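Trainee: Can you walk me through this structure? I'd like to start with the empty spaces.

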Amino acid sequence: MARLVTLMTAQWADLEFEEMCRLAKQMGYDGLEIACWGKHLDPKKAALDMEYVKYIKDTLAKYGLVTKAIAAHVIGQCVGDYDDPRLDNFAPASLAGKKDEIRAWAVETMKYVPAAAKNLGVDVVTGFTGSPIWKYLYSFPQTTEEMVEAGFQEIYDLWCPILDVFKENGIKFALEVHPGEIAFDYYSTERLLKKFEDRPEFGLNFDPSHLIWQGITPHVFLRDFIHRVYHVHMKDAAVTLDGKSGLLGSHIDFGDLRRGWNFRSLGHGDVNFEEIIRVLNAYDYQGPLSVEWEDSGMERVYGGTEAAAFVRKTDFAPSDVKFDAAIAN
């Protein structure tokens with residue numbers, strides 16, 4: 001049986017929820033990975049108000065959709081990040097500029113998220129953790145090992161009380177390895193999972209687009225961390241270095257053709273999705289393939305429709321026989 005093809009609604013959160021459902025069905029999706037921001041899902045309300053939960057479920061059912069995960073990226077970012085004016089874009093407007101209040105809001109809200117997930121009948125929450133040491137990415141001024149370890153420990157200390165609530169509700173948290181997070185590449189992920197080895201409710205949301213431009217082979221990353229991969233994003237990116245551009249982006253916004261890399265609609269970038277499917281098959285991943293659609297150079301309904309079809313064409317079941325069994329004596 002083919003895996004479900006779902007749409008991560010983050011880039012569509014300007015749409016009313018029912019319009020999102022109608023459009024997702026029109027574009028060919030089986031379900032939604034519902035964002036906990038914009039106009040899509042209020043996690044506190046979904047944790048406390050069963051009438052609201054019924055509205056979400058009924059609206060999904062009306063359009064023949066399911067949900068297997070909810071997304072809490074912007075809330076989680078505000079847990080581990082700190083004193084960054086850009087967080088005002090994520091937190092309630094009343095907290096603008098109030099770094100301590102933003103963190104407190106994020107921690108409190110993240111504790112509602114697993115209850116919301118449980119009420120909706122899903123068992124995975126995707127998201128970010130934030131990072132107190134992302135600013136140390138380039139080690140100048142000099143960064144000591146003690147500073148790095150303190151950052152990993154701070155994330156552990158901040159997230160363990162939140163993960164206690166995830167554990168109580170039987171929900172897994174799947175970190176999307178991503179620049180700006182405490183784990184952003186292969187070895188930072190390895191280090192973080194070692195730090196959280198006593199917390200099986202903490203795992204990964206695999207997204208190849210954030211790895212490919214860093215020079216990391218996505219299916220190798222997936223294979224090595226597969227036992228902590230709880231959810232999968234289908235997302236593409238293209239590296240377009242031309243002798244002028246660099247991988248760090250030059251402070252040029254996404255979509256600008258001068259950049260050294262950009263996110264692309266599925267099948268228009270450099271990710272080898274066949275190898276990803278082969279790893280998922282080898283380890284019997286049965287969760288959804290969730291399209292996170294981002295391409296600043298393409299109209300989104302066209303791209304979202306094409307992406308759903310691409311995933312269906314790319315996904316295939318493993319063989320249940322040896323290919324040479326028919327020629328045996």
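Trainee: Which residues line the largest cavity?
Mentor: V177, N205, F206, D207, L211 and F221 line the largest cavity. A cavity here is a set of points, on a 1 Å grid over the protein atoms alone, where a 1.4 Å probe fits but cannot get out, and lining residues have an atom within 4 Å of a point.

Trainee: What kind of model is this?
Mentor: This is a predicted model: local features need pLDDT of at least 70, side-chain atom pairs count only at pLDDT 80 or more, and totals for chains, interfaces and linings use all residues. Residues are numbered from 1 along each chain as its sequence is written, and side-chain values use heavy atoms, with hydrogens and water left out.

Trainee: Back to the cavity. How much space lies in it?
Mentor: The largest cavity holds about 40 Å³. A volume is the space filled by probe spheres set on the grid points, which are joined across faces, edges and corners.

Trainee: How many cavities of 30 Å³ or more are there?
Mentor: The count is 1.

Trainee: And the lining by class?
Mentor: The largest cavity has 4 nonpolar, 1 polar and 1 charged residues in its lining. Ala, Val, Leu, Ile, Met, Phe, Trp, Tyr, Cys and Pro count as nonpolar, Asp, Glu, Lys and Arg as charged, and the others, Gly among them, as polar.

Trainee: Now pockets. What volume does the second largest pocket have?
Mentor: Its volume is about 230 Å³. A pocket is an open set of points with protein on both sides within 12 Å along at least five of seven lines.

Trainee: Which lining residues are closest to the centre of the second largest pocket?
Mentor: I133, Y136, V148, F152 and F184 are the closest, out of 15 that line the second largest pocket. Two elements, α6 and α7, give two or more residues to that lining. α7 gives the most, with 3 residues. By class, the pocket lining has 9 nonpolar, 4 polar and 2 charged residues.

Trainee: How are those helices defined?
Mentor: Helices (H or I, at least four residues) and strands (E, at least two) are DSSP runs, numbered from the N terminus.

Trainee: Let's do strands. Is β5 largely enclosed or open, and why?
Mentor: Strand β5, residues 172-176, is largely enclosed by the rest of the structure, because 4 of its 5 residues are buried. Buried means under 20% relative accessible area, exposed over 50%, and partly exposed in between, using a 1.4 Å probe and protein chains only.

Trainee: Which strands pair with β5?
Mentor: β4, residues 124-127, runs parallel to β5, with 4 bridges joining them. V125 stands opposite F173 in β5. Strand β6, residues 202-206, also pairs with β5 in the parallel sense, over 4 bridges. There, A174 has G203 as its bridge partner. Two strands pair if DSSP finds at least two bridges between them.

Trainee: How does the chain get from β5 to β6?
Mentor: Through helix α7, residues 186-195, in a right-handed β-α-β unit. Right-handed means that, with the strands pointing away from the viewer, the path from the first strand over the helix to the second runs clockwise.

Trainee: Changing topic. Where is P141, and what is the peptide bond from F140 like?
Mentor: P141 sits in the loop between β4 and α6. The bond from F140 to P141 is cis, with omega near -5°.

Trainee: What about the phi of D83?
Mentor: D83 has a phi near 55°, a positive value in a residue other than glycine. D83 is in the loop between α4 (73-80) and α5 (99-120). At 52% relative accessible area, D83 is exposed.

Trainee: And H251, buried or exposed?
Mentor: H251 is exposed, at 88% relative accessibility. It lies in the loop between β8 and β9. Its phi is near 60°, positive in a residue other than glycine.

Trainee: Where is S245, and what does S245 contact?
Mentor: S245 is in the loop between β8 (236-239) and β9 (261-264). S245 counts as buried, at 13% relative accessibility. Leaving aside neighbours within four places in sequence, S245 is in contact (heavy atoms within 4.5 Å) with T240, R258, R259 and G260.

Trainee: Last one. Is G303 buried or exposed?
Mentor: G303 is buried, at 0% relative accessible area. G303 belongs to helix α11, residues 300-314. Its contacts, beyond neighbours within four places in sequence, are S265, W293 and M298.
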